[in-house]
Amino acid sequence: MKSLEKISTIFSSIFILLFAGFFLVIFIFWNFVFDLPDHEQLLNYEPPMITRVYASDGRLISEFAAEERSYVPVDSIPPLVINSFLAAEDKNFYDHIGIDFTGIIRALKRNINNISGRPEGASTITQQVAKNFFLSREISYKRKIKEILLALRIEQTLTKDKILELYLNEIYLGYRSYGVAAASLNYFNKTLNELTIAEAAYLAALPKAPNNYHPIKNKKAAVKRRNWVIKRLRDEKIINKDQAINAKNSELQINKRDKFKSVEAQYFLEEVRRNLIDSFGENALYKGGLTVRTSLNPRLQKIADNVLKKGLLRYDIRHGWRGPLANINIQDANWKRDLSLIDAPKEFPHWNVATIILLDNLGANIVFENGDYGRINIQDLKWARKWREGQKLGPPIKSPNEVLATGDIVYVEKTNKIEESLEYGELQLYQLRQFPDVNGAIIVLDPHTARIFAVSGGISFNKSEFNRATQAFRQPGSAFKPFVYLTALEKGYPPNLKILDAPFVINQGADLGKWNPANYTRKFYGLSTMRLGLEKSRNLMTVRLAQMIGIDSVVNQAKKLGISNNLPHVLSMALGAGETTLLRLTTAYAMLVNGGKKIKPSLIDRVQHRNGKTLLKHDDRMCLNCIQEEWDKTLEPKIIENREQLIDPINAYQIVSMLRGAVVRGTGKKISVIKKPLAGKTGTTNDFNDTWFIGFSPDLVVGVFVGFDTPKSLGLRETGASVASPIFRDFMQLALDKKDATPFRIPSRAKLIKVNFKTGEIAKKNDKNVILEIFYPGTEPNASKKFINSRNQEKLKKSFQDIIGLGGLY
């Protein structure tokens, strides 16, 4: 009987335990399993990766990242690194099912012995992956149960190597480092393959609490934890005794990651950043690991930055001294501290900050923060006449104290001269400098592909991120005139057509009064050819021509070429009164030099996904025979031209020829010192507010704009010719240095006829001012067959190219 009761009790207990277990399972499923995140998303997991932007020559421009991470496949991670983390974090990783029961028992014993302290976990690497990817960092039994359940599921879904790969690339190791590859670079400036035993052990010591083992702030604890990992490597027989001893005795030496020498192109880069966000979104930019190959030409970008700063400084010096940066009491014991508060501008690396300590009739003595002395002679102060409203100048400088005072803080630039002083011995001589308050932009692009080689949107990106090349809408003035003349040529007007240069008055309508434009010279020149009108930038001729052909057709031309989409239909638009950007206008000029083909400017050549798939490509032309399964020497690759023809090539070339004349004889004459084929046009707006020069060689188009951010006059007689064109000249001088002169390409159907430049009539035997004029077939003047037969045309074109190749008169 007793034995029956005993058996009954056993079965009852088993039943109760099974019943309790059943409800426990239901409880767990109800409270945890149904609420678990979808662990299968790890199959397609793409960690946040750095987006890298490259110049056209392959040099790195910049990186964009929310987290500093480099993803490395597990088979590319050295065994030493893997074993260090396994020894420190999960020695049974390849043997357990996601949870380590022996580790749990070991942690339980330690927690019982240390019941008053922080509880120790027994998380496997799989559990840490579950926690890092799906759970919060709270310490609770609920989170722990979810972690265990997720770990079991992950082990069923992923291989051990994949789990380890996710762990080693995802884990945070301090120093803004996510993953072992980033940590190796940030702590030791090494790749994973270069790490020593001690260094690998230190990285493996960090997952528990990177801040607690900071190599500088908590170095003692860091070394202790590192040495514990080294001991674990020795216990697991991964390293031998001697290796362990040497590793423990090594110094924990941190070497900061080398800063890559990026290409300096801040305005260009910011435009690229905005374009990428517009196309792919912020998440893709900062986490997508994109590879972005841009059209940036580092050499041309550097030239553009330098010539823009030089040109703006040159203008600024012409308009006087606006005063010192500050004034301090040099008798005060803290004068050096006050001086140190002002930094030299990064945009001008050769400038320094100094204060005036002594003035005499011949100059000023200066001192620097480091105690060095120098001197500014009165000859180097002559430019610093007092600035007056309207960019006017005060009287000439006779004494240094008219410019400076003791205690003034100023920018100075070292010269190559030294002066002897009785009191100070040899004194280095300096020039007085001031940071320009005028601004501007320069943009450089390929007229055939519209790839933008360089953008400098202002004198200082640090002071203003506003890009004056792409964002500033300003009136282009006379730089718009070529498109008025282009419209006339398209309507059949020949370039030697004579237009009256005489007073012009038009009633603008109710309450608007009469409009009577004038030439810059305030003179009238009578009948003159269209060519001469454009070369000399005659306002009256241009307005009268626009009236002849209809302002509507001029406005439509501007819209077709992308200059502006909403120009008012009024005659003043012919003189560039409508607003546009430097990029838009420069692109329109590019379509003149490329033979009239439509182009779309681009900063980005190609964008690739982290896996190499092309997401965006600028060149969308088809290429026949470019992809072949087997090489066939008879099938040559052929690019299919798919660009829209917006302008007849002959009409486009007629304008190129006229703009070439503007450089040789007209408003752009300062450019002619460069003995290579160049063409372009100046632009100046009312009251000398804005100045432009857009010019080109056969394969390079450059636009320059100079003006104040808040529009105001640049000063009397400050025009595109005096302000903007010297910047273009300086750029082209350097950009085309050591390059062969390439003539402009003449369309095959164009008719070249010798004419008298002044009269436009067919040239006579003894005429001196003879040029080769370009005519559209059917518009050429009556000439004997010897001028227009096809054989003679080829001879004329050859001689024409030879002449413009030399930069001479034609």
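The dialogue below reads one sheet and one cavity in a predicted model.

Trainee: In what order do the strands of the open sheet run, and what kind of pairing does the sheet have?

Mentor: As a general idea, strands of a sheet pair through backbone hydrogen bonds, either parallel or antiparallel. Here the open sheet has five strands in the order E2-E1-E5-E20-E21, and its pairing is mixed.

Trainee: Which strands stand at the edges, and why is one side of each left without a neighbour in the sheet?

Mentor: Strand E2 (60-64) and strand E21 (614-617) stand at the edges, and because each has a single partner strand, one side of each is left without a neighbour in the sheet. On average, and with direction ignored, neighbouring strands of this sheet are turned by 15° against each other.

Trainee: In what sense do strand E20 and E21 pair, and over how many bridges?

Mentor: Strand E20, residues 604-608, pairs with E21 in the antiparallel sense over three bridges, and Val607 stands opposite Leu616 in E21.

Trainee: Which strands does helix H11 touch where it packs on the sheet?

Mentor: Helix H11 (residues 266-280) touches strand E1 (51-54), E2, strand E5 (291-294), E20 and E21, and its direction makes about 50° with that of E20.

Trainee: How many cavities of 30 Å³ or more does the count give, and which residues line the largest cavity?

Mentor: The count comes to one cavity of 30 Å³ or more, and about 40 Å³ of space lies in the largest cavity. Its lining is made up of Pro476, Phe480, Ile563, Ser564, Leu567, Met573, Gly576, Gly578, Glu579 and Thr580; by class, five of the lining residues are nonpolar, four polar and one charged.

Key. Residues are numbered from 1 along each chain as its sequence is written. This is a predicted model: local features need pLDDT of at least 70, side-chain atom pairs count only at pLDDT 80 or more; totals for chains, interfaces and linings use all residues. Side-chain values use heavy atoms; hydrogens and water are left out. On a 1 Å grid over the protein atoms alone, a cavity is a set of points where a 1.4 Å probe fits but cannot get out, and a pocket is an open set with protein on both sides within 12 Å along at least five of seven lines; lining residues have an atom within 4 Å of a point. Grid points are joined across faces, edges and corners, and a volume is the space filled by probe spheres set on the points. Ala, Val, Leu, Ile, Met, Phe, Trp, Tyr, Cys and Pro count as nonpolar, Asp, Glu, Lys and Arg as charged, and the others, Gly among them, as polar. Two strands pair if DSSP finds at least two bridges between them. Helices (H or I, at least four residues) and strands (E, at least two) are DSSP runs, numbered from the N terminus. Axes are lines fitted to C-alpha atoms, for helices over the stretch in contact, and angles run from 0 to 180 degrees between N-to-C directions. Contact means heavy atoms within 4.5 Å.
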